[in-house]
Amino acid sequence: MNVTETKLKGCFILEPAKYGDSRGYFFESFNEQTFNKLTGTSTHFVQDNQSYSTRGVLRGLHAQSGEHAQAKLVRVVQGEVLDVAVDVRPDSLTFGQHVAVKLSADNNLQLFVPRGFLHGFVVLSDSATFFYKCDNFYNKAAECGVHPLDEDLGVDWEIPLEDIILSEKDKEAPSFKEEFKS
């Protein structure tokens with residue numbers, strides 16, 4: 001497995017070793033010992049989630065706060081998405097900055113999003129099945145988020161704005177400045 005730290009400390013791109021022949025392929029998508037050794041973390045995941053969406057669906061940017069904060073290990077098992085993580089750790093030198101990574105069933109890349117980050121993705125293919133592990137249980141009362149199209153964040157979602165499909169919750173989400181009073 002190759003692990004590369006992004007420009008945001010603690011946020012990693014993972015590329016599993018893939019073995020294949022004429023029958024197909026095999027790769028280990030997660031091994032806690034290997035993951036923790038290569039990332040220098042002591043992450044223990046407690047919940048797996050999966051979503052299915054069609055082209056243009058943008059889910060996020062969301063996080064959980066306080067004792068309910070979550071780290072996530074995300075990947076795509078069908079289709080392609082642009083996955084985005086935004087650093088909202090108050091004392092971070094990269095506060096308010098983001099990384100964007102294309103994840104697909106073809107490239108098998110994964111993104112580790114540590115606690116203290118907003119997270120979201122947009123579907124670039126006709127559809128996508130998105131899978132993620134969380135290191136803490138979901139708590140609705142601890143959820144926060146910002147409008148994913150907030151110009152102050154400067155995220156290029158790589159599809160025309162008129163093709164983006166948002167939930168009502170995300171349409172009504174506050175701006176980054178309103179939520180995090182920077």
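**Exercise 1. Find the strand that holds L61, and say what is unusual about the peptide bond before it.**

Start with the strand: L61 sits in β6, residues 58-64. Strands here are DSSP runs of E with at least two residues, helices are runs of H or I with at least four, and both are numbered from the N terminus. Next, look at the backbone: the bond from G60 to L61 is cis, with omega near 15°.

A word on the model before we go on: it is predicted, so local features need pLDDT of at least 70 and side-chain atom pairs pLDDT 80 or more, while totals for chains, interfaces and linings use all residues. Residues are numbered from 1 along each chain as its sequence is written, and side-chain values use heavy atoms, with hydrogens and water left out.

**Exercise 2. Work out whether W157 is buried or exposed, and which residues it touches.**

First, place W157: it belongs to the loop between β13 (143-145) and α2 (168-171). Second, check its accessibility: W157 has a relative accessible area of 3%, so it is buried (buried is under 20%, exposed over 50%, partly exposed in between, with a 1.4 Å probe and protein chains only). Third, list its partners, leaving out residues up to four places away in sequence: among them are L58, L61, L82, V84, F121 and I164. Contact means heavy atoms within 4.5 Å.

**Exercise 3. Compare N108 and E158: what is the phi of each, and where does each residue lie?**

Take N108 first: its phi is positive, about 55°, although N108 is not a glycine. N108 lies in the loop between β9 (98-104) and β10, and is buried at 9% relative accessible area. Now E158: its phi is near 65°, again positive in a residue other than glycine. E158 is in the loop between β13 and α2, and counts as partly exposed at 42% relative accessibility.

**Exercise 4. Decide which residues of α1 are buried, which are exposed, and what covers the buried ones.**

Begin with the buried residues: in α1 (residues 32-39) these include F35, N36 and T39. They lie on the same side of α1, because they cover an arc of only 90° around the axis; the arc is that of the directions from the helix axis to the C-beta atoms. Then turn to the face away from that side, where the exposed residues Q33 and K37 are carried. Finally, the cover over the buried residues includes β1 (2-5), β2 (12-15), β7 (72-78) and β10 (110-113).
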